[in-house]
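Open the model in your viewer and keep the selection panel at hand. The stops below go from one selection to the next.

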Amino acid sequence: MNVHQTLNRAQHEAASHIDGPLLVLAGAGSGKTKVLTHRIANMIETGSVAPFNILAITFTNKAAGEMRSRVNAICREGGSVWVSTFHSLCVRILRREIHNLGYDSSFTILDADDSLRLIKKCLDELNINDKMYPPKSMAAAVGRFKDQMITPEMASRDTPESDFRMANIVDIYKLYSRKLRQNNSLDFDDLISLTVRLFTEYPDILEGYRSRFRYIMVDEYQDTNAAQYELVRLLSERHGNLCVVGDDDQSIYGWRGADIRNILDFEKDFSGAKVVKLEQNYRSTRNILEAANSVIRNNSQRKHKQLWTDSGDGCKIGLNQAASDREEAAFVAGSIAKSRQDGGKYSDNAVLYRSNFLSRAVEEELVKAGIPHRVFGGTRFYDRKEIRDVLAYLRLINNPRDSVSLLRVINVPRRGIGEVTMQKLEAYAASVDKPLFEVFDELENADVGRQSKKLREFREMMVRFHSDAMNYGVAELLGSVLEQTGYIEELKLEATEEAQGRIENIDALVAKALEFEQHAEEPTLAAFLEELALVADIDSFDADADAVALMTIHSSKGLEFDSVYIVGCEEGQFPSYRSLVSETPKELEEERRLAYVGITRARRRLTLTSAFRRWVRGNDVYNRVSRFVREISDDNLENVKMDNQRVDAKHDESEDTTLKSADSKPAERTGISRYAEINKVRNSIDISFGGKNYMQGAKRAADAATREQLEFKPGDRVRLMKYGVGTVLDVKDAGADTELTVEFEGAGKKKILANLSKIKKVEE
DNA sequence: GAATAAATTGTTTTT
DNA sequence: CAATTTATTC
């Protein structure tokens, strides 16, 4: 069989280059998955490579599954090719080898939420103020250390005495690492960095995997971080048969440590590398492609690449500027309903957004319109409280040293063991340097008084679970946990609709466990937990179900739809507020790449929508239309509105609401509140006229009025609940809000958003 | 000492 | 708005 029949010249060139390093720069929609699968088939069919020697690394489990089935479809022996994500590859290696690094192979995999809890514990224990060292930033800082394979010792050595702040962060990193080890737990970043460490410290183990993985392929290479780079380098160094595929314009995980230099420097790092560019796009119409190109053009650091297509113009890109998030959502729902009437399928449509909360309004309107849809991301099924609770029991059974899980379930359902008791126990455990669960054996030393009876009962229950785990399957064990802990019982007693929903979710987990027992290669408890820890929501994406897909642009990477709606195209929303206040243009450029990814998901129709007024966690916010919309040429755009909507009516309604809400604000928010209202009106005026500055004069007048109203100026004394009293150093306009740089007494220098934080002036 | 009610505060994106 | 921290009641 000639597998190259359907490939174009560049695709063929990439698919037939088997030995030596190869970089495929694959623009969006240029058929890179096809190239990868054909390349694998080609290797196997020409008999030059055994399937067993091929490793393909993808970004999500879903992409892995898809590649596996596509390889199988074109080639009989495809089944023994190892296709997986970085994370699952590493887990499989670590389960076999991690004893070399002093861990037990039943290690727990902590997700982001678990590691945040552990970070908070570290802050507590070190007496570090969580206002000055926010746990989330600390978790991110620790993550970046690990991405770059900087150990606590290295970090400590490289930190000068004078850098007080960094020294504290390193202390947190040290303690966090120690706790992880003591808990026999690994976080996501550990999975990669410990594998690298294993390979570095044990060359013979590395050698084993090298001889196994003689041909390596990495998809989405632009999103790899330093540790992943190192892993790939170690594995491929000897034979040099490394093929990476990626697109620097689609690098959207910089915040997770992904280093765009990995792809930019590939030719330098792997000498003799062949480079193939795939520039013909087979996915989208010309209007869509031109829009994508004219947006991404505004970025500075890129490899030169110009996507082109020989398909037709297609329809123009729709632009809907709605008055509110509700109207925006109603527009999307109406538009999808209409396309359905015209004979389309629901599953041809996707609604994409920058952040998860933006799905809310759209969801509600879709429900109202009776349109079937699926939401991916946000709170995943496995993130629900009841599921996490129950899974924590299983994790604790699997790995009794897992203190994070122990603390989660010790009083769930309530059994009268409270915070004070656990604090005493933790203090004692820390003093004898033992995992928490182990000191349940020596309660008499821990000063917990009469609480020790309850603690002992808990311990005995866990022992029973342990023996259940030896004798029964995962589903039965789960049943035993649900019964003995009384978890379901308590929910039944609550007898609310919410509790009923939780019971249903738990039932779904039991069903999942049953299914797992029947189909898993190795139906152990550890394997079950591992599978749940590493699934992404998008992995369950089912293209066959006739439903509209709702997801973040991040999740949509690698997917394509006939018709795509990108909602929330507003400054501060997309690009995100964070990228706008950032000092460097780096973050904004990543937002722009994200816009590029979003736009290029569409095959035939793209609609961008924005809302003048958006309800964001209990507050109205007013933002201008996104710069990314403005970067698209008018030639490719057309305004679209709801079918049965009168334009004047819309304007009347929006002005009216704006003014009314201004009047009804409480009087105490004087200066700043007036400023905010004026700013809101100013923005909405600006947008009402298509953002084309018809109102230059009026806008300047408004600006002047604003400046008069602006209460904050450098030198002002202000108070904020969280940080106390401070002095304003700098005032800066940031979209609809005002950014103040304030020196707080005791808490140091902070950047504060005046409106959002409700900061107040102190009269002296 | 634990359970519950009230106050406060946070802003992305995910393996 | 919702999750988490802090104050109050049992």
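The tour visits the DNA strand, the nonpolar cores, one helix and the cysteines.

This is a predicted model: local features need pLDDT of at least 70, side-chain atom pairs count only at pLDDT 80 or more, and totals for chains, interfaces and linings use all residues. Residues are numbered from 1 along each chain as its sequence is written, chains are lettered from A and ligands numbered from 1 in the order written, and side-chain values use heavy atoms, without hydrogens and water.

**DNA strand C**

Select DNA strand C, then show what surrounds the strand: Lys120, Arg360, Trp615, Arg617 and Gly618. Near here means a heavy atom within 4 Å. By class, these residues are one nonpolar, one polar and three charged. Nonpolar covers Ala, Val, Leu, Ile, Met, Phe, Trp, Tyr, Cys and Pro; charged covers Asp, Glu, Lys and Arg; the others, Gly among them, are polar. Of the atoms of strand C within 4 Å of the protein, 42% are sugar or phosphate, and the rest belong to bases. Zoom in on Arg360: a polar side-chain atom of this residue sits 2.8 Å from a phosphate oxygen of strand C.

**The nonpolar cores**

Next, select Leu391, Leu394, Leu425, Leu455, Phe458, Leu509 and Phe528. They have the most contacts inside the largest nonpolar core, which has 49 residues. Such a core is a set of buried Ala, Val, Leu, Ile, Met, Phe, Trp, Tyr and Cys residues joined through side-chain atoms within 4.5 Å. Buried means under 20% relative accessible area (1.4 Å probe, protein chains only). Elements giving two or more residues to this core include helix 17 (385-398), helix 20 (452-471) and helix 23 (497-519). Helices are DSSP runs of H or I, at least four residues; strands are runs of E, at least two; both are numbered from the N terminus. Helix 17 gives the largest share, eight residues.

Centre on Phe528. Beyond its neighbours within four places in sequence, Phe528 contacts (heavy atoms within 4.5 Å) Leu391, Leu394, Val474, Leu509, Lys512, Ala513 and Phe516. Then move to a second, separate core of 45 residues, which includes Ile57, Leu235, Ile263 and Ala273.

**Helix 14**

Select 286-296. In helix 14, nine of 11 residues are buried, among them Asn287, Ile288, Leu289 and Asn293. Show the cover too: it includes strand 9 (317-324), helix 27 (586-599), strand 14 (602-616) and helix 28 (627-630).

**The cysteines**

How many disulfides are there? The count is zero, with a disulfide being two cysteine sulfurs within 2.5 Å. Select Cys90: its closest cysteine sulfur, in Cys243, is 19 Å away, too far for a bond. Cys90 is buried at 0% relative accessibility. Finish on Cys122, buried with a relative accessible area of 0%.

Terms used: A polar contact is a pair of N or O atoms within 3.5 Å; within protein, one must be able to donate a hydrogen and the other to accept it, and residues adjacent in sequence count only if both atoms are side-chain atoms. Buried means under 20% relative accessible area, exposed over 50%, partly exposed in between (1.4 Å probe, protein chains only).
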